[in-house]
Amino acid sequence: MTTLIIGAEIRKLFRRPITMFFLVVLGLMALGPAGMQALVSGGSMETNGNAELLSFTAQDTMAWTLTLRNFLVFRLFLITLAAMTLAGEFRNRTLREDLVRPVSRDAALWSRWIALQAFVLAGLVLPWLVSLVAGVAVHGELGDLGAVTRNYAATWLADMGFSTFVMAISLLVKSVPGTVVGTFMYWLLDLVFGLFLWGLEALKPLVETQVAADDPIVGLMQTAAALRPWLPSQAFNFYQNVNDAGGFVWQSMASLAVITVLSALVATTTFRRLDVP
Amino acid sequence: MSSALVVKGLTRSYGSRVVVDQLDLRVEPGDIYGFLGPNGAGKTTAMRCVLGLIRRDAGEVTLFGETGPRARRHVGAMIETPAFHLWMTGRQNLEHAAAYEGLRPKEAAPLIDRLLARVGLKERGKEKVSGYSLGMKQRLGIARALLGSPRLLVLDEPTNGLDPDGMVQMRDLIRSLARNDGLTVFLSSHLLSEVQALCTRVGIIKEGRMQVEGLVSELLSGVSAKVGPEQLLLVTASPEALEKALLEGGQITAVHAQRPGELLVDLAEGAHLASVMAALGEAGALVQSVTPVKRDFEDVYMEAVRS
C-alpha cells in the first residue's frame, strides 16, 4: 500500500504545473554555462602576470551548471515545492482528504518526502544531462566526468537534508509564505553567524601577534574556526568541499546527517500530533 | 453485529475551552444518523475526532468494532466542501485517493468509471477540477468517499453551499446510497428539514454534550408531551366570541395572538378536534376553518438546545 501512495504522491507532484515549470527552467539554465564558455573560449586571462588560454571541457560546463543550480535557484524551487506539499496542502485542505483514509500519518508524510526526493533527483539529473550534452557539443571534450559527478552526488545528499529541513519548518509554521520566509530567516542568520566566525578566523593571525599563544582569546578563535564547517550552510553546501579526489570535509557531512535526522524527527513528531481542520 | 460507530467519553479542549465534553453516541448499521447542534456545539470537532483528523484528549472511537487508522477502511468521508487538487482532473483525483485506499490502478479504473457514472460525472471526469461547479465538486467528493467501498459514510454538511436543485440531488444520492447500497450514514447538517427528511436517528449536541439521541419517529411522537399541548389554528369572523366559548367550555387553556381573524389555541388536557367542534356548535360560534397544528423536528431541536 505504501508503494501505491508513494507512486500517487510522485504523480501528483509531477502533475503540478509549477513542478514542470521549475524543471523547464532548470533545463534551460543548464544551457547557459555552455553558451558562456563558448563566448570566452579561445580567449586568454591574465593571472599573476601570466596569460592563460581559456579552454573548457564538458566537465567545466557541468561544474558551472551545478554552481548556477545551487546558487539559490534550485533551493528556492525546493523550498516552494516542499512548502506547497505540506503547508500548502494543510491550508487548502487536500491533506485532510488523504488523512481520512486508512493510512498511517507516517506513510502520508514520508511518501510526500519521497516524492520531493524524486523532484530533487530530476532536478539533478536534468542539468547533469543537459550540461553534459551541451558541453560535449560546444567543447568536444569530456574532461573528468567522475569528479564532477561526485559533486552532483554530494549535492543530492545535501538537497535531501535540505528538503527534510524545509519540510520540518513547513510543518511547524503551516504556511507557504511562512516556510519561505522562515527558511530565508534561517539562511540570513546562518550567513551572519558564518561571517562572524569567518571574521574571527581571519583575525586570528593578527591577534596571535598581540597576545600570548595560551591566551584564552586564541583558544576562542580556534574554536570558532573549528565550528564553521559544522554550520548548516556549510552542511547544505558541502558539495563545494568535495575535491576531485573524492575527499570532503567530514564535519560538514556529519552536520548534514545530524540536521537531516533531527529535521526528520521534528517533522514526524509534528505531523503525528497535527490537528487537521 | 458490531455497531457502525461507537463514541465513548470523547473529550477535546482547545486551551481552557472544552469543545467536546464526554460525548457518547452510537450509530447502528443501516442508520442514517443526523448529528445536530447549534454553531460551536462541537459537531465538527467531534466528527474530525471520529475520523482521526483531530486528536482527542480522552475517549474512545470504535468503527465496526475496530480502532486505529486501519479501522478507517470501513469509512468514506466528505467533510464540508471537499478539497481537490485543482490542477488534476476529476478522474486523476479519484486515482490519487484510490492509491490511499490501497487500490491498484487496474482495480481502481473500473470502480472509478462506475462511481463517476453514479454521481453523474462520467462525461466530465477528464476535465480539470478547477472548472467544476460547487455541486460537481460535492458529487465528486461523494464518489471519492465511496472509493474504498465503505460501510459507513461520514458527511459533514453535505449540502452546504448548494443551490436548491443541487441539494435535492445530493439528498436523493444519500438516500439511494443508504437504501440501495445498504450504507450506514452519519451526517451533520444545519438544515432540520433535511435531517427530518433523511435521517432515521438523530443526536443533538450542545456545548459538546449529547442532549437528545433517538429515532426520529420516537422523538417526533414525544414532542407533544415534551414541548407543550397540541394546538389548533382557527379562522373566524368573530374571534372574541369564539375564544369566550372555548374557554368557558374548558376546551382550551390559552390563546396566542395571530393575524386578524386567526386564533392559535392550546388544547386543554383531554380536548381534541371533535370536542372543540362540538363546543363551538353548542355555543353557536361560526368558524371558517380549523387546522390542527402539527409540530415538527424544529420543536424537538429547539427543546434540546434550549434545555
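A salt bridge is taken here as a side-chain nitrogen of Lys or Arg within 4 Å of a carboxyl oxygen of Asp or Glu. The model is predicted, so that local features need pLDDT of at least 70 and side-chain atom pairs count only at pLDDT 80 or more, whereas totals for chains, interfaces and linings use all residues. Residues are numbered from 1 along each chain as its sequence is written, chains are lettered from A and ligands numbered from 1 in the order in which they are written, and side-chain values use heavy atoms, with hydrogens and water left out.

**Exercise 1. Describe the interface of chain B and chain A, from its extent to its polar pairs and its composition.**

Step 1. Counting contact as heavy atoms within 4.5 Å, one finds 35 residues from chain B and 31 residues from chain A taking part. The buried area, which is the accessible area (1.4 Å probe) that two parts lose on being put together, summed over both, is about 2900 Å², and carbon and sulfur atoms give 54% of it. On the side of chain B, Leu53(B), Trp87(B) and Tyr100(B) lose the most area to chain A, together 29% of what that side buries.

Step 2. The salt-bridge rule finds 5 such bridges across this interface, one of them joining Glu101(B) to Arg101(A), whose closest N and O atoms are 2.5 Å apart.

Step 3. Helices (H or I, at least four residues) and strands (E, at least two) are DSSP runs, numbered from the N terminus. The elements of chain B that give two or more residues to the side touching chain A are strand S1 (5–14), strand S5 (75–79), helix H2 (90–100) and helix H4 (134–145). The largest share of that side, 6 residues, comes from H2(B).

**Exercise 2. Work out how S1(B) and S2(B) are arranged, and locate the positive phi values in the hairpin and in S2(B).**

Step 1. Two strands pair if DSSP finds at least two bridges between them; S1(B) and strand S2 (residues 17–27) of chain B do so in the antiparallel sense, over 7 bridges. Within this pairing Leu10(B) stands opposite Leu23(B) in S2(B).

Step 2. The two strands form a hairpin with 2 residues between them, and Gly15(B) in the turn has a positive phi of about 65°.

Step 3. Gln22(B), which lies in strand S2 of chain B, has a phi near 50°, a positive value in a residue other than glycine. On the scale where buried means under 20% relative accessible area, exposed over 50% and partly exposed in between (1.4 Å probe, protein chains only), Gln22(B) counts as partly exposed because its relative accessibility is 45%.

**Exercise 3. Decide whether Phe297(B) is buried or exposed, and identify what surrounds this residue.**

Step 1. Phe297(B) is placed in helix H11 (residues 297–306) of chain B, and Phe297(B) counts as buried because its relative accessibility is 0%.

Step 2. Leaving aside neighbours within four places in sequence, Phe297(B) is in contact with Leu36(B), Leu192(B), Val195(B), Gln196(B), Val202(B), Val216(B) and Leu220(B). For Leu192(B), which is 105 residues apart from Phe297(B) along the chain, the C-alpha atoms of the two residues are separated by 6.7 Å.

**Exercise 4. Summarise the architecture of chain A.**

Step 1. Chain A has 11 helices and 2 strands, and from the N terminus on its elements run α-α-α-β-β-α-α-α-α-α-α-α-α.

Step 2. Its C-alpha atoms fill a box of roughly 70 × 55 × 30 Å, taken along the principal axes, and buried residues make up 47% of the 277 residues in chain A.
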